[in-house]
Amino acid sequence: MKAAKHPHRFAVPTAFLVMLTVCLACPRAAAQAPTQTKDRPVALKGARLIDGTGRPPIENSVLVIEGSQIVAAGKAGAVSIPKDAAVQDVTGKTIMPALINLHGHLGLSNNGADSAAGHYTEENVAKQLNKYLSYGVATVASFGQDEDLVFSIRADQRAGKIGGSRLFTAGRGFLEYTGKSNPTDHRYRPQNLEEARADVRELAAHHPDYLKMWVDDGLGHGTKIKPEIYRAIIDEAHKQHIRVFAHEYYLADAKALLAAGLDGFAHSIRDQAVDNELIMAMKSRGVFLIPTLVRDETLFAYADNVKWIDDPFFQSGLEPGALTIIRSPQTVGKFRQDPDIAKYRAGLEMAKKNLKALSDAGVKIAFGTDSGIPTRFPGYLEHRELQLMVEAGLTPMQAIVAATGTNAEILGGTKQFGTLQAGRAAEFILLDANPLDDIRNTEKLSAVWQAGKPVHSVSAGSTSTRASRQ
Ligand SMILES: [Zn+2]
């Protein structure tokens, strides 16, 4: 069995892994597989419960779990606790759904900071999926820089052979023809309409969860994919019943993409303020936007030595050597000398303003980080993104709903995961303080549960193995 064979960074007993992987919470397995273990039901009582739907929190709640599933969630007294349940008093904690990162990348780095080639291996992808999970990110949607190997990794995970964060993938994304290319870049670069359609059909044979394409000129340094090419990509993808999500930067491109039938934006619009035309077009078709504010912040964070680099919760989850790399004079110098650094700062400020405007207008706001690119660390950046969304003017509840209920809906998982209701995966985090009071309290991570069991989690100050048999 693969999970046991691979060197596992965390000292989790093999027996535990075997048990965990039996009912790994992939949507189909979780929904259909009969409960394989005859464990007693578990009831967590006394916590504040944020269920991910946007409903007000339930103080003094009861959450009842059987196997990998939630069977009841509600106010103490209104939920009956099975007689044979193992009751855990978690008074003072807050329980909320595990986070869902709708824009991540996998297998592009060995330790999170380096960017050497040849890292796209099953072992490396699995390691990163475990990293996400240890920070309470139990689902990650990989966005277009995978190799075809990802489809067998996804199949292995859905068969219960690989653990970690639940994986969705676009497979290989679509890019302009004349951009920078290197041998480790496996993205499609169709030269003409026929190639574009043929490439989409080839991708479709792998059953990607959605399609990702880039529509950007890298602040003028590259060549943008031509509108007739992206229109063919969208049209052919829709014929294959695949939704198309785009990396975009400019407002004008966003409008043209909407007119072409795009289904979701992978980033904020950063060149100018959004307007009513865009808002109306997005709302009329339920098109979402993933702000990825932290992506823009990481373009200058290391140059500025921002405060969160010292955050124990950030450092606790780093692989050996990663901190040395991001603090090295070479890395800091590279970021400081980037001629576009002022544009990155301005881009983040514009992104924040636009996020607030879109949210206030009722546009669907999703949640994602663009983590997994070297120096954009999986796991920690998801917590930082919540903070930036609140800095932009969203309430903590709005940011949490984007990262849980809304993202689950976008991934087609509403009935399986993302909210803490009967019939959903028992997949949540326990916090030592209330994130609705201060969103930074999601960093006060006390435990991560997946498939009805606590798993290894990162905590500020040290990594600790909190996994234990019930
Ligand atoms: Zn990305």
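Start by selecting helix H15 (380-391) and look at the second largest pocket: H15 supplies 5 residues, the largest share of that pocket's lining. Keep in mind as you go that this is a predicted model. The second largest pocket holds about 400 Å³ of space, and 18 residues line it. Show Asp311, Arg384, Gln387, Arg440 and Glu443 as sticks, since these are the lining residues closest to the pocket's centre. Now colour the lining by residue class: you should find 9 charged, 7 nonpolar and 2 polar residues.

Stay here a moment and centre on Gln387, which lies in helix H15. Is Gln387 buried or exposed? Its relative accessibility is 8%, so Gln387 counts as buried; the cut-off for that class is under 20%. Which residues does Gln387 touch, leaving aside its neighbours within four places in sequence? Ile439, Arg440 and Glu443 are its contacts, and two names in that list may look familiar: Arg440 and Glu443 are also among the residues closest to the centre of the pocket.

**Next stop: the open sheet**

Move along the chain from Glu443 and select strand S16, residues 445-450. S16 belongs to an open sheet of 5 strands, in the order S2-S6-S15-S16-S17, with mixed pairing. At the edges you will find S2 (48-49) and S17 (453-455), each of which pairs on one side only. Between S16 and S17 the pairing is antiparallel, over 3 bridges. To see the two strands side by side, pick Val448 and then Val455 in S17, which stands opposite.

**Next stop: the zinc ion**

Click on the zinc ion and bring up the protein atoms around it. Which protein donors does it have? They are NE2 of His103, NE2 of His105 and OD of Asp370, lying 2.0 to 2.1 Å from the ion. Along the sequence these donor residues follow the spacing H-x1-H-x264-D. His105 and Asp370 therefore make a good pair to trace back through the cartoon, as they link distant parts of the chain, 265 residues apart. His105 sits in the loop between strand S7 (99-104) and helix H4 (122-134), while Asp370 is in the loop between strand S14 (364-365) and helix H15 (380-391). Both His105 and Asp370 are buried.

**Next stop: strands S7, S8 and S9**

From His105, step back to S7 and add strand S8, residues 137-142. S7 and S8 pair in the parallel sense over 4 bridges, and Leu99 has Val137 in S8 as its bridge partner. On to S9 (residues 166-169), which runs parallel to S8 and is joined to it by 4 bridges; here Val140 is partnered by Leu167. Because 6 of its 6 residues are buried, S8 is largely enclosed by the rest of the structure.

**Last stop: the largest cavity**

Select H4, which gives the most to the lining of the largest cavity, with 4 residues. The space inside comes to about 170 Å³. Of the 16 lining residues, show Asn111, Gly112, Lys131, Glu319 and Pro378, which lie nearest the centre. By class, the lining has 7 polar, 6 nonpolar and 3 charged residues.

Zoom out to finish: the chain has 16 helices and 19 strands, and 60% of its 470 residues are buried.

Methods
Residues are numbered from 1 along each chain as its sequence is written. This is a predicted model: local features need pLDDT of at least 70, side-chain atom pairs count only at pLDDT 80 or more; totals for chains, interfaces and linings use all residues. Side-chain values use heavy atoms; hydrogens and water are left out. Donors are N, O and S atoms within 2.8 Å of the metal (3.2 Å for Na, K and Ca); water is not among the atoms, so sites may look incomplete. Buried means under 20% relative accessible area, exposed over 50%, partly exposed in between (1.4 Å probe, protein chains only). On a 1 Å grid over the protein atoms alone, a cavity is a set of points where a 1.4 Å probe fits but cannot get out, and a pocket is an open set with protein on both sides within 12 Å along at least five of seven lines; lining residues have an atom within 4 Å of a point. Grid points are joined across faces, edges and corners, and a volume is the space filled by probe spheres set on the points. Ala, Val, Leu, Ile, Met, Phe, Trp, Tyr, Cys and Pro count as nonpolar, Asp, Glu, Lys and Arg as charged, and the others, Gly among them, as polar. Contact means heavy atoms within 4.5 Å. Two strands pair if DSSP finds at least two bridges between them.
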